[in-house]
Amino acid sequence: MPYHHGTCGCFEDTSVCCDTLFCPCCQMGRQCAALEGNADTHNCGMCIVAMCVGGCFPMCLRCKVSDKFQLEESCCASFICGLLFPGCSVCMTGRELNFRGVNPGGCCCKPEDAKNM
C-alpha cells in the first residue's frame, strides 16, 4: 500500500506544515513518540537527537513509518526523499500518521481531523 499523501502536499495540512517549518525537531520527536504508542506527546529526548543528527533523522523517521504501516517504499527511496526534501518528508510522515489515527500532535497548531484529509 502506498502513502496516502504526496511528498509535495506539504501545504494541504497547514498545522503540520507550520509545526515542521517552525520546529522541525519537535515535530520529528512527536512523530517518533507517536510511532511508539505515545500519541500527542512532546518527546524532548528525540527532539534533542533530531537536533544533533540533523538530516539523517527525516530519513530514519520515514523508514520507520514505511515499515510500521507496510507502505510500498524501499529504504533507498525513503533515504533519497528524506535527504533531498527533509521538510516535505516530515510533513508527509506527519500527515500519514494523522491519517492512520496515530496522532503525533503539534507544537504550533492542532492537527486537522484525520477524516478531513
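The following dialogue discusses disulfides and salt bridges in a predicted model.

Me: How many disulfides does a search of the whole structure find?

Reply: In general, a disulfide is a covalent bond between the sulfur atoms of two cysteines. In this predicted model, the search over the whole structure returns zero disulfides. As for cysteines, C26 is buried at a relative accessible area of 10%, and C91 is buried at 3%.

Me: What should one look for in a salt bridge, and how many does the search of the whole structure find?

Reply: One looks for a side-chain nitrogen of Lys or Arg within 4 Å of a carboxyl oxygen of Asp or Glu. Four salt bridges are found here. One of them joins the side chains of E12 and R95, with an N to O distance of 3.3 Å. Because E12 lies in the segment before α1 and R95 in helix α6 (residues 86–99), this pair ties together parts that are 83 residues apart in sequence.

Me: Is E12 buried or exposed, and is R95 buried or exposed?

Reply: E12 is exposed, with a relative accessible area of 56%, whereas R95 is buried at 4%.

Me: Which residue forms a salt bridge with K64, and where do the partners lie?

Reply: The partner of K64 is E36, and their closest N and O atoms are 3.7 Å apart. E36 belongs to the loop between α2 and α3, and K64 to helix α4 (residues 56–68), so the pair links parts 28 residues apart in sequence. E36 is partly exposed at 48%, and K64 is partly exposed at 35%.

Me: What is the N to O distance between R100 and E96, and how accessible are these residues?

Reply: Their side chains meet in a salt bridge at 2.8 Å. R100 is partly exposed at 23% relative accessibility, while E96 is buried at 0%.

How values were computed. Residues are numbered from 1 along each chain as its sequence is written. This is a predicted model: local features need pLDDT of at least 70, side-chain atom pairs count only at pLDDT 80 or more; totals for chains, interfaces and linings use all residues. Side-chain values use heavy atoms; hydrogens and water are left out. A disulfide is a pair of cysteine sulfur atoms within 2.5 Å. Buried means under 20% relative accessible area, exposed over 50%, partly exposed in between (1.4 Å probe, protein chains only). Helices (H or I, at least four residues) and strands (E, at least two) are DSSP runs, numbered from the N terminus.
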